[in-house]
Amino acid sequence: MSARGTGAASGSVIERIERKWAIAMSAILVVLVAIVIFTGLHWAMMPPSRVETVQPETLNSSGEFVEENLGSAIEPDGSVTVRIVAQQYSFTPQCIVVPANVPITFRATSADVIHGMLITGTNINSMIEPGYVSTFRTTFAQPADHLMPCHEFCGTGHQGMWAHVKVIDRQAFDALERHSGARRLSCAG
Ligand code: CUA
């Protein structure tokens, strides 16, 4: 076979392989798009529809995430908002107290690097990123103690970074609120 013939043959081999790759890539794309459509329709999973930003440098000095505003707040409609700041290597508050059978909105942000939070025994699982507010809603069906570890590697103290979530019944929560006199509740008072 001449040198020219070999070149043409290898050219057609390359073309065949490229076509196979193109087909494989297209198939993967189709599968991924199908997964997005399926999860969207079947489980009502949505990409985040809004992005809330916050200045991580001024968390301590002003705005929603100043220290005295962290913890559980009772809203006028009876629901509870819990504000949390994550930092290397702890959550504030360290122990979160919420009532059972009441809609709870968590709002969390980070003062430094990316952290994560998951509440054991529930489907709550979120990343906490500096500069952004992670918001999610839930209702705890019954009183229970949950652990809330950080699940994003955030440095040498990562494995020691966790908090408690104490779910107590509604009456106990209301009594705690009446007696503590604090603007925001946590297990500490
Ligand atoms: Cu914070 Cu890992």
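Colour the chain by burial to begin: in this predicted model, 22% of the 189 residues count as buried. Zoom out to the whole C-alpha trace, which spans about 95 × 35 × 30 Å along its principal axes. The radius of gyration is 25 Å, whereas a compact globule of 189 residues would have one near 16 Å.

Next, colour by domain. Select 1–47 for domain 1 and 56–180 for domain 2. The C-alpha centres of domain 1 and domain 2 are 45 Å apart.

Switch to a cartoon view. The chain has two helices and 10 strands, and in sequence order the pattern runs α-β-β-β-β-β-β-β-β-β-β-α. Among contacts with a separation of 6 or more, 63% join residues 24 or more positions apart.

Now show side chains for Val82, Ile84, Ala86 and Val98. These have the most contacts inside the largest nonpolar core, a set of 27 residues. Select 80–87, 95–99, 103–110 and 162–168 in turn: these are strands 2, 4, 5 and 10, and each supplies at least two residues of this core. Strand 2 gives the most, with five residues.

Centre on Val82. Leaving aside residues up to four places away in sequence, Val82 touches Gly71, Ser72, Ile96, Val98, Ile104 and Phe106. One of these, Ser72, stands opposite Val82 in strand 2.

From Ser72, extend the selection to residues 71–74, which form strand 1; this strand pairs with strand 2 in the antiparallel sense over four bridges. Finish at the turn of this hairpin, where five residues lie between strand 1 and strand 2. Select Gly78 there: its phi is positive, about 95 degrees.

Key. Residues numbered from 1 in each chain as written. Predicted model: local features only at pLDDT ≥ 70, side-chain atom pairs only at ≥ 80, totals over all residues. Domains from an automatic or database assignment. Core = buried A, V, L, I, M, F, W, Y, C linked by C-beta atoms within 7 Å. Buried ≥ 20, exposed ≤ 12 C-beta atoms within 10 Å, placed from the backbone. Contact = placed C-beta atoms within 7 Å. Pairing = 2+ DSSP bridges. Rg over C-alpha atoms; globule rule 2.2 N^0.38 Å.
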